[in-house]
Amino acid sequence: MTNILETRGLTKRFGGLTAVDSVDFSVATGSITSLIGPNGAGKTTFFNTVTGLYTPTSGTIAFAGRSLVGLKPHEVTAAGIGRTFQNIRLFGNMTAVENVMVGMHSRMHANVLGILAHSARVQHEEATARAKAHALLDAVGLPAQRADDLSKNLPYGDQRRLEIARALATDPELLLLDEPTAGMNPQETAELTQLIRRIRDERAITILLIEHDMKLVMEISESITVLDRGAKIAAGLPHEIRSNEQVIEAYLGRGAASMAHAHARNGGEPT
Ligand SMILES: Nc1ncnc2c1ncn2[C@@H]1O[C@H](COP(=O)(O)OP(=O)(O)OP(=O)(O)O)[C@@H](O)[C@H]1O
Ligand SMILES: [Mg+2]
């Protein structure tokens with residue numbers, strides 16, 4: 001088993017605050033791996049450091065055997081890492097399909113908005129991109145009749161799906177999702193769980209997920225890493241994390257501890 005992503009001693013300080021503290025982290029190629037921990041644990045900062053928004057204070061980041069340290073965000077995207085943001089970052093005054101086409105931009109020769117759309121090649125490229133964007137919207141379950149709506153007018157759950165479609169448009173090998181179900185109702189969360197699984201199974205994209213919904217995390221993850229105050233306090237299989245005393249103390253608390261008991265009672269089936 002190879003690791004598509006490996007950090008060693010990854011550290012990010014903001015002044016006196018160590019947001020990510022000497023983290024050794026591995027993501028197995030083809031896995032669904034989760035990163036969990038309390039608010040302020042450093043999860044988003046870890047993503048931002050891996051994706052080039054922040055420069056690490058120290059440590060290494062290897063993606064498919066290549067160092068990412070010093071790369072700019074668009075270079076990390078081009079290297080094969082797509083991501084979504086905890087706070088949705090869409091172009092509100094662009095349509096859903098245009099938002100996805102922007103995601104493809106790094107892979108295209110022409111301006112996606114067609115400002116230069118004169119040559120046959122450019123027009124062909126635009127048509128191809130538009131068709132691919134519609135296919136991605138369909139794949140994430142955004143209703144076809146909403147494709148030409150301005151993204152700011154989409155229901156919240158559809159905006160979250162659209163963010164995933166835009167990230168997929170960059171043709172990533174590794175997809176980082178930062179709390180993709182935040183603000184979703186249980187039905188939407190269940191659908192998104194299926195979507196994440198399908199993205200991995202059908203597109204062979206490795207998934208790294210930040211998520212507070214423990215039902216989702218325990219159900220979907222093959223490996224879980226736990227951060228607390230910037231430091232990794234545990235990594236392992238869902239059942240190992242669920243019963244880890246230090247993790248329960250720092251994050252899962254009594255609710256999750258009783259979940260672990262329920263889990264034991266019903267013979268290990270997810271509750
Ligand atoms: N750009 C920044 N400048 C200064 N401090 C920051 C910056 N970004 C994050 N921090 C601090 O780093 C710590 C980790 O924040 P981070 O957003 O990574 O946590 P998180 O685990 O994603 O939390 P949450 O679950 O609430 O999203 C926090 O104390 C936060 O205030
Ligand atoms: Mg966060």
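Trainee: By class, which residues does the lining of the largest cavity have?

Mentor: This is a predicted model. The largest cavity holds about 40 Å³ of space, and its lining consists of Thr 84, Arg 160, Glu 163, Ile 164 and Pro 180. Ile and Pro count as nonpolar, Arg and Glu as charged, and Thr falls among the polar residues. By class, the lining therefore has 2 nonpolar, 1 polar and 2 charged residues.

Trainee: Which residues coordinate the magnesium ion (ligand 2), and through which atoms?

Mentor: Donors are N, O and S atoms within 2.8 Å of the metal. Coordination here is at 2.0 to 2.2 Å, and the residues are Thr 44 (OG1) and Gln 86 (OE1).

Trainee: How many residues apart in sequence are the parts that Thr 44 and Gln 86 tie together?

Mentor: Thr 44 and Gln 86 both coordinate the magnesium ion (ligand 2). Thr 44 belongs to helix α1 (residues 43–50), whereas Gln 86 sits in the loop between β6 (81–83) and α3 (96–104), so the pair ties together parts that are apart in sequence by 42 residues.

Trainee: Is Gln 86 buried, partly exposed or exposed?

Mentor: Buried means under 20% relative accessible area, and exposed means over 50%. Gln 86 has a relative accessible area of 30%, so the residue counts as partly exposed.

Trainee: At what distance from an oxygen atom of ligand 1 does a polar side-chain atom of Lys 43 lie?

Mentor: Lys 43 is among the residues that come nearest to ligand 1, as are Gly 40, Thr 44, Thr 45 and Gln 86. A polar side-chain atom of Gln 86 is 2.8 Å from an oxygen atom of ligand 1. For a polar side-chain atom of Lys 43, the distance to an oxygen atom of ligand 1 is 2.7 Å.

Notes:
Residues numbered from 1 in each chain as written. Chains lettered and ligands numbered in written order. Predicted model: local features only at pLDDT ≥ 70, side-chain atom pairs only at ≥ 80, totals over all residues. Heavy atoms only, no water. 1 Å grid on protein atoms, 1.4 Å probe; cavity = no way out; pocket = protein on both sides within 12 Å on 5 of 7 lines; lining within 4 Å. Points joined across faces, edges and corners; volume = space filled by probe spheres on them. Donors = N, O, S within 2.8 Å, 3.2 Å for Na, K, Ca; no water. Helix = DSSP H or I, 4+ residues; strand = E, 2+ residues; numbered from the N terminus. Buried < 20%, exposed > 50% of the residue type's maximum accessible area, 1.4 Å probe, protein only. Near = heavy atom within 4 Å. Polar contact = N/O pair within 3.5 Å; in protein donor to acceptor, adjacent residues only side chain to side chain.
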